[in-house]
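Okay, thanks for coming, everyone. I'll put the model up and then walk you through it, starting with a small detail and working outwards.

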Amino acid sequence: RWQAIYSSREREKLFADHLRELKRKQRVDKEEELRSKMEAFKDVLGDSSLVHLDSQCGAVLKALADNPAAAALTPMDRLQAYKEHHKEMVAQQEAEDGNKDKERKRRERRNRRKFASLLDTLKTSGEITEDTAWAQAYGVFSGREEYAQVRSNESGSTPRDIFSFHFEDLLSAEDGGKAKRSSPASSLSEGEIREDRPAKRR
């Protein structure tokens, strides 16, 4: 087949192409081999109790230097593998934190809905009416689980806010007639007083 190519220039071109392809394959094989070795070392990092988000890279690499997976790599490749592993750890932690934050927000929404439902129930039963001030209403539900749950929320509407939403007309009257009625916060604990801020709709 080679002899069938009469042009020496064509032969030279084909030979040069063949050499380039060999070099490309060799390069790819070396890259795959290196990647395989780095992944093996990353597995070691993942299984090691020495590796945490705040671990010192130098100390970890020194401690694992005698591991076969580490010995198969150059110091620079070990460092690169560690950086990749640490980046993956950070991404995983951020994902977990994001999921925890989403779950917290869902839980807090459930708490607010349960407390709002409690207010509706108390209003229906007559334990709280449109004439009930916040300070008086607090005495009715302060020992209820629904109140404790919404009070534990880290964000969003407070119990006072939710109460304001349900009894907006009452609170408007209170804000405009403090001389006729004592402040709703006057009979509350210090924690409740901090909670007594202008109402906002959910």
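Which backbone nitrogen does the side chain of S48 reach? That of L50, at 3.1 Å, which fits the cut-off for a polar contact: a pair of N or O atoms within 3.5 Å, where within protein one must be able to donate a hydrogen and the other to accept it, and residues adjacent in sequence count only if both atoms are side-chain atoms. S48 sits in the loop between α1 and α2, the latter being residues 57–63. At a relative accessible area of 15%, S48 is buried. For the record, buried means under 20% relative accessible area, exposed means over 50%, and partly exposed is in between, with a 1.4 Å probe and protein chains only.

Before going on, the ground rules. This is a predicted model, so local features need pLDDT of at least 70 and side-chain atom pairs count only at pLDDT 80 or more, while totals for chains, interfaces and linings use all residues. Residues are numbered from 1 along each chain as its sequence is written, and side-chain values use heavy atoms, with hydrogens and water left out.

How confident is the predictor? The mean pLDDT of the chain is 82, on a scale from 0 to 100 that gives the predictor's confidence in each residue. Of the residues, 80% reach 70 or more. The stretch to be wary of is 178–202, where pLDDT stays under 50. The model does have 43 contacts there beyond four places in sequence, a contact being heavy atoms within 4.5 Å.

Now the overall picture. We have nine helices and zero strands; these are DSSP runs numbered from the N terminus, H or I with at least four residues for helices, E with at least two for strands. Of the 202 residues in the chain, 30% are buried. Take the contacts between residues at least 6 apart in sequence: 67% of them join residues at least 24 apart. The accessible surface comes to about 13700 Å², and 50% of that belongs to carbon and sulfur atoms; areas are from the Shrake-Rupley method with a 1.4 Å probe, and for residues only the protein chains shown count as cover.

On to the charges. There are 14 salt bridges, counting a side-chain nitrogen of Lys or Arg within 4 Å of a carboxyl oxygen of Asp or Glu. One of them pairs E88 with K42, with the closest N and O atoms 2.8 Å apart. E88 is in helix α4 and K42 in helix α1, so this pair ties together parts that are 46 residues apart in sequence. The two partners have rather unlike surroundings: K42 is buried at 6% relative accessibility, whereas E88 is partly exposed at 42%. Both belong to a network of salt bridges that links R35, E39, K42, E84 and E88.

Then there's a pair within one helix: E103 and R106 meet in a salt bridge at 3.1 Å, N to O. They are three residues apart in helix α4, so about one helical turn separates them. As a reminder, an α-helix has 3.6 residues a turn, so residues three or four places apart point the same way. E103 is partly exposed at 32%, and so is R106 at 37%.

Staying with α4, which covers residues 75–125, let's look at R104. Is R104 buried or exposed? Buried, with a relative accessible area of 14%. Leaving out residues up to four places away in sequence, R104 touches E154 and S155. Q93 is in α4 too, partly exposed at 27%. Its C-alpha is 8.9 Å from that of L53, with the two positions 40 residues apart in sequence.

Two last stops. Helix α7, residues 159–166, is mostly covered, with six of its eight residues buried. Those are P159, R160, D161, I162, F163 and S164.

And on the surface, F15, L19 and L22 make a nonpolar patch with about 260 Å² of accessible area together. Patch residues have over 30% relative accessible area and no salt bridge; nonpolar side chains (Val, Leu, Ile, Met, Phe, Trp, Tyr) are joined within 5 Å, like charges within 9 Å. F15 is in helix α1, residues 8–47, and counts as partly exposed at 47%.

That's my tour, thanks.
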